[in-house]
Amino acid sequence: MKVKGDGLDGCAFFWRCFRQAKEEAPAGVRDLFQRYSENGAMGAEQLKRFLVEVQGEEEGATTKVEAQAIIDSVLRLSKHQIRFPKKGGGSLGLDGFFRYLFGVANPPIALSLGNKVLHSSFQNDHVVPEKGFLVKIYMGDGWNLDFHQTDFDMYSPPDFYTTVEIDGVPADTILQKTKIIEDNWIPVWNEEFTFPLTVPELALSRNEVYDYDPLEMDGFGGQTCLPVPELRTGVRAVPLCNRKGEEYKSVKLLMHFKIV
Ligand SMILES: [Ca+2]
């Protein structure tokens, strides 16, 4: 939004920001890692416990061997990951854990992934009216890969905010917004919203991301619309779509869905 110095300085500043954009685990993810790791390493048993206690999986849904396979696949994919030698296989550091949570293997909707079917948590743990549906938005990423550097603001990185909306019966329909994160390709919001739902079966969880612009219409940065009954609770990587509903290659949000 702000123009830094004259045009040339602004350009240099902008290019530096664009090129150096690198995602880091937000505070909420660091806290989770702290809880489920020891000496900076998360092994298969700890990952299993995380999947049950935070991600809403049933006890035993993921075996220790499967948890180790998840860890090994993350380690194979990540060139930056430092391996922690440990009996029974490698373990995840904070960066690996973050990449696992924010990766394609951790979608928000129940689907079949290879031979394993990822069930919706809501099948077992229905939202009831006196309870609330918590939506937390940690951060977003991928715009610097899927958009041109000047698609949002000409001389500075975009100023993203996200709408947090429930669509459903009139009593449940509500629209809220996160704060605006100025001049950042990788916005970290760390904001949570709780919605009481009277008819969760008909509720849709919607998000739209915009680049704030005080002089023109805010620039569109992606959208998602997820049926609440099909959501998997826990921390999920939520891919965003363009206006036509086609998924972007890289743009996604890191979100947490929870019944509270
Ligand atoms: Ca802007």
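In the predicted model, residue C225 lies in strand β8, which spans residues 219-227. C225 is classed as partly exposed, because 13 other C-beta atoms fall within 10 Å, a count that lies between the limit of 12 or fewer for exposed residues and that of 20 or more for buried ones. When residues up to four places away in sequence are left out, C225 is in contact with L204 and R206. A further spatial relation links C225 to E165: the two residues are 60 residues apart along the chain, and their C-alpha atoms are separated by 9.3 Å.

The chain as a whole contains six helices and ten strands. Of its 260 residues, 37% are counted as buried. Among contacts between residues at least 6 apart in sequence, 64% join residues at least 24 apart.

The largest nonpolar core comprises 50 residues, among which L101, L254 and M255 touch the most other members. For L101, the contacts beyond four places in sequence are V29, N106, V235, A237 and L254. L254 thus appears both among the core members that touch the most others and among the contacts of L101.

L101 also takes part in the packing of helix α2 against helix α5. Two packed helices are described by the angle between their axes and the distance between the axes. For α2 (residues 27-35) and α5, the angle is about 115° and the axes are 10 Å apart. The crossing of α2 and α5 is right-handed. On the α2 side the contact is formed by V29, R30 and F33, which meet L94, F97, F98 and L101 of α5. By class, the residues of this contact divide into six nonpolar, no polar and one charged.

Helix α5, residues 94-101, also packs against α4, at an angle of about 100° and with the axes 10 Å apart. The two helices α4 and α5 are therefore roughly perpendicular. Here I70, V74 and L75 of α4 meet G96, R99 and Y100 of α5. The residues of the contact of α4 with α5 comprise four nonpolar, one polar and one charged.

Helix α4 has a further packing partner in α3. The axes of α3 and α4 are 8 Å apart, and the helices pack at an angle of about 100°. An angle of 65 to 115 degrees counts as roughly perpendicular, and α3 and α4 therefore stand in that relation to each other. In this contact A44, E45, L47 and K48 of α3 meet K64, A67, Q68, I70 and I71 of α4. Its residues fall into five nonpolar, one polar and three charged. Residue I70 of α4 is thus named both in the contact with α3 and in the contact with α5.

Within α3, which runs over residues 44-53, the buried residues are A44, Q46, L47, K48, F50 and L51. The cover over the buried residues of α3 includes α4, residues 64-77. Of the buried residues, A44, L47 and K48 are also among those that meet α4.

Helix α6, residues 143-146, contains L145. This leucine is exposed, because 12 other C-beta atoms lie within 10 Å. Not counting residues up to four places away in sequence, L145 touches K249 and S250. L145 and W185 are 40 residues apart in sequence, with a C-alpha to C-alpha separation of 9.7 Å.

Backbone geometry was also examined. Most residues other than glycine have a negative phi. D183, although not a glycine, has a positive phi of about 50°. D183 is placed in the loop between β5 (174-177) and β6 (188-196). With 17 C-beta neighbours inside 10 Å, D183 counts as partly exposed. N190 likewise is not a glycine and has a positive phi of about 50°. In contrast to the loop position of D183, N190 is located in strand β6. N190 is counted as partly exposed, because 14 C-beta neighbours lie inside 10 Å.

Conventions: Residues numbered from 1 in each chain as written. Predicted model: local features only at pLDDT ≥ 70, side-chain atom pairs only at ≥ 80, totals over all residues. Helix = DSSP H or I, 4+ residues; strand = E, 2+ residues; numbered from the N terminus. Contact = placed C-beta atoms within 7 Å. Axes fitted to C-alpha atoms, helices over the stretch in contact; angles between N-to-C directions. Parallel < 35°, antiparallel > 145°, perpendicular 65-115°, else oblique. Nonpolar A, V, L, I, M, F, W, Y, C, P; charged D, E, K, R; others polar. Core = buried A, V, L, I, M, F, W, Y, C linked by C-beta atoms within 7 Å. Left-handed = near helix turned anticlockwise from the far one by under 90°.
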